[in-house]
Amino acid sequence: MIKPGSTNLRDREFIMGCLFGKEPFFIKRERFLLYGYLKKDKDFSGLVLFYDLAGQFINVWRYTGGKVTHTINFYEGGNIPVRLKSGYLSCTINSITTWYKVETEWYSIGEYGSGLFTEPEYNGSSYGYYTETYYYRQCVWVEDGTGGGAYNGGSGSGSIENQPTLNASIKKLFVKGTTITYGPYIESVNNAYNDLNNDCFSNYVTNYLLSHNITLGSIKIDETYLGLAGISSTNDLTFGGSEFITVENLEHEWIHLAQRYINNTNIFNASNTGMAEFEIALISDILECINIHGNFDIYSEHPFACYGNGKYNHQKEYQDWLKSITSGGTIFPSSIVTGNFLYWANIFGDVSISYNKSRGYQYTNSYYKPKTISTISGICYLL
Ligand SMILES: [Zn+2]
């Protein structure tokens, strides 16, 4: 796989292998050839393995029904990929044995008199089969089940007696309840909230709000809302559609609550809004940099804050900076130099689509301190 880079961007080159796990996929054999890096089949279940061009193992993604369900890393006895979590990992070590065929063509170059044959002589080919076994460790997050409000995984038949309600902990925060009436969407909110509180920092924010008697407003879905989700100055939480009720979107708003209540920043002041958004994007980039151990050649679907969307002028520089503040992708930084934060916030304002300067976001506030980053590093640790 060679993915050409844009201007000033290095090409990405790697070897991709697939192990197909489900019979129905094999039946449609012609689709094997159509399966590719950019074109994932919706029925694909199995493993996709990535190697660098020297054959060095990078990582594995596990797919079920066309969706990524696990990432799997080569077992070297080292650390588990990083996420800030308060739950626990259940890990198993498994092996994959693959076979491959090596075909060799034999040529001979003979001496003739005082010189050589100019044409090598073809002596046929031979081949052999080899097998190789890889060991890998597969880890699955196990939720600790706290947070109250039991829910079941199915979307149910919608019968009235099983109408789900917001779980108790959400009701304590969102004192105005919800205008959502459709049961499966309420379950989505409960599920996202339970997942949210498996994250060390989000759970800290929840506990901070509860212990300081800070209450939030209501939860609603508004299809006309411009954005995936947002929390207003009166603490009403809006999702831009039922499909946006996700833990990722909730985490974003939870960091805004940390900025607002733990670090006393008025994020609704226009000079702070863009800076606060960049701080969130930077936190996400720092975690990704640690996740890939500072190796930006590793395939990642993560969108980085300061390059992308056709703008790659600062890609290498930004990657180098992320590596430097994380000591090569090994630690979560305890603080960020203000001048650096301002410099990158300004570039984020040019690159970002959602928070672009053209939409009114400002990135010149040298008084904005990324205090949430230092708060996180003070209370959450890398696994
Ligand atoms: Zn935001």
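Okay, one definition before anything else: a residue is buried if 20 or more other C-beta atoms lie within 10 Å of its own, exposed if 12 or fewer, and partly exposed in between. Try it on Asn346, which sits in helix α9. Asn346 has 16 other C-beta atoms within 10 Å, so it comes out as partly exposed. And keep in mind that what we're looking at is a predicted model.

While we're at Asn346, have a look across to Asn356. The two are 10 residues apart in sequence, and their C-alpha atoms are 9.7 Å apart in space.

Right, the overall picture. The protein chain has 10 helices and 13 strands. Of its 383 residues, 24% are buried. If you take the contacts with a separation of 6 or more, 60% of them are between residues 24 or more positions apart.

Now the core. Which residues touch the most other members of the largest nonpolar core? That would be Val189, Cys306 and Phe348, out of 56 residues in that core. The helix that gives the most to it is α7, with 10 residues. And where does this core lie? Domain 2, residues 160–262, and domain 3, residues 270–379, both give residues to it, so the core lies between the two domains.

Let's click on Phe348 for a second. Ignoring neighbours within four places in sequence, Phe348 is in contact with Phe278, Ala281, Ala305, Cys306, Tyr355 and Tyr363. Notice Cys306 in that list; that's another of the residues I just named for touching the most other core members.

On to helix α8, which covers residues 315–325. Its buried residues are Gln315, Tyr318, Leu322 and Ile325. Look down the axis of α8 and those buried residues fall within an arc of 105°, so they line one face of the helix. The background is the usual helix arithmetic: an α-helix has 3.6 residues a turn, so residues three or four places apart point the same way. What do the buried residues of α8 pack against? Two helices: α7, residues 270–291, and α9, residues 338–351.

Just after α8 there's a backbone detail, with Ser327 taking a positive phi of about 50°. Further along, in the loop between α8 and α9, you'll find Val337. Buried or exposed, then, for Val337? Exposed, because it has 11 C-beta neighbours inside 10 Å. The C-alpha of Val337 is separated by 9.0 Å from that of Lys369, and those two are 32 residues apart along the chain.

Since I mentioned positive phi, here are two asparagines for anyone who likes checking backbone torsions. Asn309 isn't a glycine, but it has a positive phi of about 55°. It lies in the loop between α7 and α8, and it counts as exposed because there are 11 other C-beta atoms within 10 Å. Then there's Asn213, also not a glycine, with a positive phi near 55°. Asn213 belongs to the loop between α5, residues 200–211, and β11. With 7 C-beta neighbours inside 10 Å, Asn213 is exposed as well.

That loop leads us to the last stop, a sheet. It's an open sheet of three strands in the order β11-β13-β12, and the pairing is mixed. β11, residues 219–221, and β12 stand at the edges with a single partner strand each, so one side of each has no neighbour in the sheet. From one strand to the next, the twist averages 15°. β11 and β13, residues 237–239, run parallel and are joined by three bridges. If you want to find that pairing on screen, start from Ile219, whose bridge partner in β13 is Leu237.

Lying across β12 and β13 is helix α6, residues 247–262, which runs at about 20° to β12.

Finally, zoom in on Gly230, found in strand β12, residues 229–231. Gly230 has 17 other C-beta atoms within 10 Å, so it is partly exposed. Leaving out neighbours within four places in sequence, its contacts are Tyr225 and Thr238. How far is Gly230 from His252, C-alpha to C-alpha? It's 8.7 Å, with their positions 22 residues apart in sequence as the separation.

That's my tour; happy to rotate the view if anyone wants another look.

Definitions and conventions:
Residues are numbered from 1 along each chain as its sequence is written. This is a predicted model: local features need pLDDT of at least 70, side-chain atom pairs count only at pLDDT 80 or more; totals for chains, interfaces and linings use all residues. Helices (H or I, at least four residues) and strands (E, at least two) are DSSP runs, numbered from the N terminus. Two residues are in contact if their C-beta atoms, placed from the backbone, lie within 7 Å. Two strands pair if DSSP finds at least two bridges between them. Axes are lines fitted to C-alpha atoms, for helices over the stretch in contact, and angles run from 0 to 180 degrees between N-to-C directions. The arc is that of the directions from the helix axis to the C-beta atoms. A nonpolar core is a set of buried Ala, Val, Leu, Ile, Met, Phe, Trp, Tyr and Cys residues joined through C-beta atoms within 7 Å. Domain bounds come from an automatic or database domain assignment.
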